[in-house]
Amino acid sequence: MFKKASLKSFFRITALTMAFLLFAVTGAQSYSLAAGVEKLQSDREVVTSTEDNIVPETVADESSNITEDARTDDESQSQSSAEETPSNENYHNVNIGDFDIIGEDVPLEESKAVWVLPWVGWEIGKVLVWLAAGAAVGVAVIDGFVEAKAFASELTKSKQKDKPKYYTVKYDKNYMYVGSPLTDQQALERVTNPFGEVWTHNYNDARLLASKHASGGKIIGPENHFKLKYNDTRYFWHFHGEKPSGVRSGHIFYGTESQLGAIKK
């Protein structure tokens, strides 16, 4: 009896002990998991709180400023473009005839050329002042003409661009005189008349004008008639252009060199 009762008591104690140990282990794990979950939730709340406090103040403000600045720049550029670009209502093509800058006595063709060639329509005195850039020029202007050598000197020294190449001309027994400047077209039209004459400072410009008049014909010169003339007169070098039809241009004088007639009078 004793042995049977003792064995039952032993199993009862063992069972209670195992149950207690199982409860203890299970309770500890449950507590640990609960604590971990609570800590994780607490960390998330801290992070969320930090994001709520920090991120909106910096990122939102900066993006707002950038957007505002970009919008302001775009609006400024748009307004600037609107101010600089004329509308169809205010814009129109400008004709030379809209401006009265030359004077009524200057043909329209010359008025158009003045935008490129400022000297068109000027008298030789004004051309001299322009060539010298406003400085005093010691060249005498008589009846709208100046002595060729004195003028050629000023022309060579001048640093002005687009200087006139061709000029009206006259001469006496000893000197050649240069008058008002001519455009290339005016010079060509002038020498088309066999009695029309022009002067240019440059050999090549004289030959070119003769070639334009010849239009496939021949260039005559350079030539000088001093061998056939009397020695009381000086003669100047020049070209002629001759068309295929035989029509010869007037004298196209160049430079300032001259020869005294070879025949004694």
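**Exercise 1. Describe how α3 and α4 pack in this predicted model.**

Solution.
Step 1. Two packed helices are described by the angle between their axes and the distance between the axes.
Step 2. For α3 and α4 the angle is about 35 degrees. Their axes are 9 Å apart.
Step 3. Add the handedness: α3 passes α4 in a left-handed crossing.
Step 4. List the contact residues. α3 supplies Ile-124, Val-127, Leu-128 and Leu-131. α4 supplies Phe-151, Glu-154 and Leu-155.
Step 5. Sort them by type. The contact has 6 nonpolar residues, no polar ones and 1 charged.

**Exercise 2. Describe the packing of α5 and α6 in the same way.**

Solution.
Step 1. Locate the helices. α5 covers residues 184-192, and α6 covers residues 203-214.
Step 2. Give the geometry. The angle is about 65 degrees, and the axes lie 10 Å apart.
Step 3. Give the handedness: α5 passes α6 in a right-handed crossing.
Step 4. List the contact residues. From α5 come Asp-184, Ala-187, Leu-188, Val-191 and Thr-192. From α6 come Leu-209, Lys-212 and His-213.
Step 5. Sort them by type: 4 are nonpolar, 2 polar and 2 charged.

**Exercise 3. Which elements give two or more residues to the largest nonpolar core?**

Solution.
Step 1. Recall the general trend. In soluble globular proteins, nonpolar side chains tend to be buried together.
Step 2. Find the best-connected members. The largest core has 22 residues, and Ile-124, Val-146, Phe-151, Tyr-167, Met-176, Val-178 and Trp-199 touch the most other members.
Step 3. Name the elements: α3 (124-131), α4 (148-157), β2 (166-171) and β3 (176-182) each give two or more residues.
Step 4. Pick out the top contributor. α3 gives the most, with 5 residues.
Step 5. Look beyond this core. Apart from it lies another core, of 12 residues, among them Ala-187, Ala-210, Ile-252 and Tyr-254.
Step 6. Return to one member of the largest core, Val-146. Leaving out residues up to four places away in sequence, Val-146 touches residues including Ile-124, Leu-128, Phe-151, Met-176 and Val-178.

**Exercise 4. Which strands stand at the edges of the sheet?**

Solution.
Step 1. Write the order of this open sheet of 7 strands: β1-β3-β2-β4-β7-β6-β5. The pairing is mixed.
Step 2. Read off the edges. β1 (146-147) and β5 (218-223) each have a single partner strand, so one side of each is left without a neighbour in the sheet.
Step 3. Take one pair inside the order. β2 and β4 run antiparallel and are joined by 3 bridges. Tyr-167 has Trp-199 in β4 as its bridge partner.
Step 4. Add the helices. α5 packs on the sheet and touches β2, β3, β4 and β7 (252-260). The direction of α5 makes about 125 degrees with that of β3. α6 also packs on the sheet, touching β2, β4, β5, β6 (234-242) and β7. The direction of α6 makes about 40 degrees with that of β6.

**Exercise 5. Is Thr-200 buried or exposed?**

Solution.
Step 1. Place the residue: Thr-200 lies in strand β4 (residues 198-200).
Step 2. Apply the cut-off. Buried means under 20% relative accessible area. Thr-200 has 1%, so Thr-200 is buried.
Step 3. Look at its surroundings. Beyond four places in sequence, Thr-200 touches Lys-165, Tyr-166, Asp-205, Ala-206, Phe-253, Tyr-254 and Gly-255.

How values were computed: Residues numbered from 1 in each chain as written. Predicted model: local features only at pLDDT ≥ 70, side-chain atom pairs only at ≥ 80, totals over all residues. Heavy atoms only, no water. Core = buried A, V, L, I, M, F, W, Y, C linked by side-chain atoms within 4.5 Å. Buried < 20%, exposed > 50% of the residue type's maximum accessible area, 1.4 Å probe, protein only. Helix = DSSP H or I, 4+ residues; strand = E, 2+ residues; numbered from the N terminus. Contact = heavy atoms within 4.5 Å. Axes fitted to C-alpha atoms, helices over the stretch in contact; angles between N-to-C directions. Left-handed = near helix turned anticlockwise from the far one by under 90°. Nonpolar A, V, L, I, M, F, W, Y, C, P; charged D, E, K, R; others polar. Pairing = 2+ DSSP bridges.
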